[in-house]
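Q: Please take me through this structure with care, and for each term that comes up, explain what earns a residue or a pair that name.

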Amino acid sequence: MGTKAMLWRWRRNALRRRSDATEAWVVLATGMAIAIGAPMTGAATAWTVQDALDRQRQDRHSTTAVLIANAPVVRAYVGGGTVRASVRWTAQDGTTRTGDAEVKTGLKAGDRGTVWTDNRGALTGEPAGPAEMEARAGLSGAMAAGGVCAVLLTGGWVVRRRLDVHRAGEWEREWAEVGPQWARKRA
């Protein structure tokens, strides 16, 4: 398809309607909004997620905990399996605390393990590592950019469909005027 055929809505001609020019502007505006908005939204989201994960990593600390009771033995795992068990640890403020944490299966009461706590000393999960942080931030940014594209494309599609309905109404009105004249010429 040549350039002239692609740009027919922009050129002046007797067959171009106002709705054709409006559709051309809608397509251009949608394309520009996607080209500018999607990367900016994706980058801003990735940076925000990265900052949140960095703060989370700074707020969590590894602490040694002592098992209060034997950890259940789960035979389905071949090494590396974890279960929930009661543990006791000392918080950063010096208080002794107890709670349930993920520990390796098969540990006995009195064995030591590593747990993660927040700044208040409460048990929490292990923070994401650098590779996982980058992956989460990148995926979040890509999803945000994709969402922006989907919203903009849907909006452009809705406007174009409304223009098509308007054009169909115009054609029907014009055919109601011209159709009877053609019928007389044939007879």
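Q: Why is Glu174 called partly exposed?
A: In this predicted model, Glu174 has a relative accessibility of 38%; buried means under 20% relative accessible area, exposed means over 50%, and partly exposed is what lies in between, with a 1.4 Å probe and protein chains only, so Glu174 counts as partly exposed.

Q: What makes the pair of Arg17 and Glu174 a salt bridge?
A: The closest N and O atoms of Arg17 and Glu174 are 3.1 Å apart, and a salt bridge is a side-chain nitrogen of Lys or Arg within 4 Å of a carboxyl oxygen of Asp or Glu, so the pair qualifies. Arg17 is in the loop between α1 and α2 while Glu174 is in helix α3, so that the pair links distant parts of the chain, 157 residues apart; helices here are DSSP runs of H or I with at least four residues, strands are runs of E with at least two, and both are numbered from the N terminus.

Q: Which other residue forms a salt bridge with Arg17, and is that residue buried or exposed?
A: Glu170 also forms a salt bridge with Arg17, with the closest N and O atoms 3.4 Å apart. Glu170 lies in helix α3 (residues 130-186) and Arg17 in the loop between α1 (3-6) and α2, so this pair ties together parts that are 153 residues apart in sequence. At 18% relative accessibility, Glu170 counts as buried.

Q: How many salt bridges does the structure hold, and which residues are linked in a network of them?
A: The structure holds eleven salt bridges, and a network of them links Asp20, Glu23, Arg160, Arg161, Asp164 and Arg167. Side chains of opposite charge can pair when their charged atoms come close.

Q: Why is Thr30 called buried?
A: Thr30, which is found in helix α2 (residues 18-59), has a relative accessibility of 15% and therefore counts as buried. Leaving aside its neighbours within four places in sequence, Thr30 is in contact (heavy atoms within 4.5 Å) with Leu152, Leu153 and Gly156.

Q: What makes Trp25 an exposed residue, and which patch does Trp25 help to form?
A: Trp25, also found in helix α2, has a relative accessible area of 52% and is therefore exposed. Together with Leu28, Met32, Ile36 and Met40, Trp25 forms a nonpolar patch on the surface with about 550 Å² of accessible area together; such patches are made of residues with over 30% relative accessible area and no salt bridge, where like charges are joined within 9 Å and nonpolar side chains (Val, Leu, Ile, Met, Phe, Trp, Tyr) within 5 Å, and the areas come from the Shrake-Rupley method with a 1.4 Å probe, only the protein chains shown counting as cover for residues.

Q: Why do β3 and β5 count as edges of the sheet?
A: The open sheet of five strands has the order β3-β2-β1-β4-β5, with antiparallel pairing. β3 (96-104) and β5 (123-124) each have a single partner strand, so one side of each is left without a neighbour in the sheet.

Q: How do you know that β2 and β3 pair?
A: Two strands pair if DSSP finds at least two bridges between them, and β2 (residues 82-90) and β3 pair in the antiparallel sense over nine bridges.

Q: What should a reader keep in mind about the numbering and the values?
A: Residues are numbered from 1 along each chain as its sequence is written, and side-chain values use heavy atoms, with hydrogens and water left out. Because the model is predicted, local features need pLDDT of at least 70 and side-chain atom pairs count only at pLDDT 80 or more, whereas totals for chains, interfaces and linings use all residues.
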